[in-house]
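Here are some friendly notes to read alongside the model. I have set them out as numbered points, so feel free to take them one at a time.

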Amino acid sequence: MALTIGIVGLPNAGKSTLFNALTRNNVLAANYPFATIEPNVGVVGVPDPRLAVLGELFKSERLVPATVSFVDIAGIVRGASTGEGMGNAFLSHIREADAICQVTRVFEDPDVTHVDGKINPASDIDTISTELILADLQTIDKALPRLEKEARFNKDQQAVVAAVKEAQAVLETGKTVFQSGLDRAPLRELFLLTAKPFLYVFNTSTDETDEATREELRKLVAPAEAIFLDAKIESELSEMEPDEAAEFLADMGIDEPGLDHLARVGFETLGLQTYLTAGPKESRAWTIRKGATAPEAAGVIHTDFQKGFIKAEIVSYDDLVAAGTMLKAREAGKVRMEGKDYVMQDGDVVEFRFNV
């Protein structure tokens, strides 16, 4: 599954520095607005310590994690929807993203200018939200006459027109479609930016942000997830060897890199989970949506697996590790055969049986 999170924010919020750290790419991170003009795309592995354990059990040649793609676009400024800065044309690069990650600056640095001249997270979030709402209203204004015309000849389209008008009314109040809780299914063909799930990254300086400030920022974006990280430090960590990075984090009293947290939260925000396959060639995490059935999960590997699905041999990761081998897990009665109606659970270790 191609899963994509679009990164947005004001210029100099730290988007490109974060993207560099996420993808270990050398994207230009410059101290002036619009350093990012063409969208940058990078694929990030979702941290999963279970893979290393399976790799040891099955003597796998390689480990393949689940992935999320991140798209970094030009900074959005106030008035972008009416052509300010780079205008809003670049938003087309994230219209097909599954979720939006807004990077908001909290850190103070006199050497890095703020486009509005002061650090104000609430104002920055409002600016981005407003521009995305205005962009969506423009999309609706263009699409609605066509949809209404189609609805005159196709009754099925009438429900779509009603949903679009409802979304339009919500947007005109200054709320996003996602915040409103509207059914997003009828709106899918419009690729509305504010209909996507949001997560928020607060780019902080590790030694400047106390817990009281963090709690205020969490409330500001609730019920969306708030992630706190220092993009500059994360960028440095991404260039270190794993042992060196672990020691560096331990010295700072940090449990895990902020990027690992971001990748996991992004995965959860999209309503995803993983199941696992393991063998001598590879141990791999496969991405499925929560609630997926066994045949649907098989189809992620290959469509033929779904078409010819017979059974799935499944053992939970914890039971497999406790047993030590598949043979011992079978002997302990922990391996079971599941049919077409089985709903996959996160961490299922699976071997599919199919006939094509």
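1. Let me begin with a pair of helices. Helix 3 and helix 6 cross in a right-handed sense. This is a predicted model, and in it helix 3 (residues 121-151) packs on helix 6 at an angle of about 20°, the two axes being 11 Å apart. Because angles under 35 degrees count as roughly parallel, helix 3 is roughly parallel to helix 6.

2. The residues at this contact are easy to pick out. Helix 3 brings Pro 121, Ala 122 and Ile 125, and helix 6 meets them with Leu 217, Leu 220 and Val 221. Sorted by class, the contact of helix 3 with helix 6 has six nonpolar residues, with no polar and no charged ones.

3. Please also look just past helix 6. The loop between helix 6 (211-221) and strand 7 (225-229) holds Pro 223. Ala 222 and Pro 223 are joined by a cis peptide bond, with omega at about 10°.

4. For the wider setting, the protein chain has 13 helices and twelve strands. It contains 356 residues, of which 49% count as buried. Taking contacts between residues at least 6 apart in sequence, 68% join residues at least 24 apart.

5. Now for the annotated site. In an unreviewed entry, the UniProt annotation "binding site" covers Asn 12, Ala 13, Gly 14, Lys 15, Ser 16 and Thr 17. Asn 12 lies in the loop between strand 1 (4-8) and helix 1 (15-23), whereas Ser 16 is in helix 1. Are Asn 12 and Ser 16 buried or exposed? Buried means under 20% relative accessible area. Asn 12 is buried because its relative accessible area is 13%, and Ser 16 counts as buried at 9%.

6. The backbone of Asn 12 deserves a look as well. Phi of Asn 12 is near 65°, a positive value in a residue other than glycine. Lys 59 also has a positive phi, near 55°, and is likewise a residue other than glycine. Lys 59 sits in the loop between helix 2 (49-58) and strand 3 (62-64). With a relative accessible area of 63%, Lys 59 is exposed, whereas Asn 12 is buried.

7. Helix 1 has a packing partner of its own. Its axis and that of helix 7 (residues 231-238) come within 8 Å and cross at roughly 25°. Helix 1 is therefore roughly parallel to helix 7. The crossing of helix 1 and helix 7 is left-handed. On the helix 1 side the contact is made by Thr 17, Leu 18 and Ala 21, and on the helix 7 side by Ala 231, Lys 232, Glu 234, Ser 235 and Ser 238. By class, this contact of helix 1 with helix 7 has three nonpolar, three polar and two charged residues. Thr 17 is also one of the residues under the "binding site" annotation in UniProt.

8. Why is helix 7 described as largely enclosed by the rest of the structure? Six of its eight residues are buried, so the surroundings largely enclose helix 7. The buried ones are Ala 231, Ile 233, Glu 234, Ser 235, Leu 237 and Ser 238. Their cover includes helix 1, strand 6 (198-203), strand 7, helix 8 (242-252) and helix 9 (258-269).

9. Within helix 7, I would pause at Ala 231. Ala 231 is buried, with a relative accessible area of 3%. Which residues does Ala 231 touch, not counting residues up to four places away in sequence? They are Gly 14, Thr 17, Leu 18 and Asn 203. Gly 14 and Thr 17 are both covered by the UniProt "binding site" annotation. Ala 231 and Phe 107 are 124 residues apart in sequence, yet their C-alpha atoms are 10.0 Å apart in space.

10. One last residue, this time in a strand. Ser 69 is placed in strand 4 (residues 67-72). Ser 69 is buried, with a relative accessible area of 17%. Leaving aside neighbours within four places in sequence, Ser 69 is in contact with Leu 3, Thr 4, Ile 5, Gly 42 and Val 43.

Technical notes
Residues are numbered from 1 along each chain as its sequence is written. This is a predicted model: local features need pLDDT of at least 70, side-chain atom pairs count only at pLDDT 80 or more; totals for chains, interfaces and linings use all residues. Side-chain values use heavy atoms; hydrogens and water are left out. UniProt positions are given in the numbering used here, feature names are shortened, and annotations may be inferred rather than shown by experiment. Helices (H or I, at least four residues) and strands (E, at least two) are DSSP runs, numbered from the N terminus. Buried means under 20% relative accessible area, exposed over 50%, partly exposed in between (1.4 Å probe, protein chains only). Axes are lines fitted to C-alpha atoms, for helices over the stretch in contact, and angles run from 0 to 180 degrees between N-to-C directions. Angles under 35 degrees count as roughly parallel, over 145 as roughly antiparallel, 65 to 115 as roughly perpendicular and the rest as oblique. A crossing is left-handed if the near helix is turned anticlockwise from the far one by less than a right angle, and right-handed if clockwise. Contact means heavy atoms within 4.5 Å. Ala, Val, Leu, Ile, Met, Phe, Trp, Tyr, Cys and Pro count as nonpolar, Asp, Glu, Lys and Arg as charged, and the others, Gly among them, as polar.
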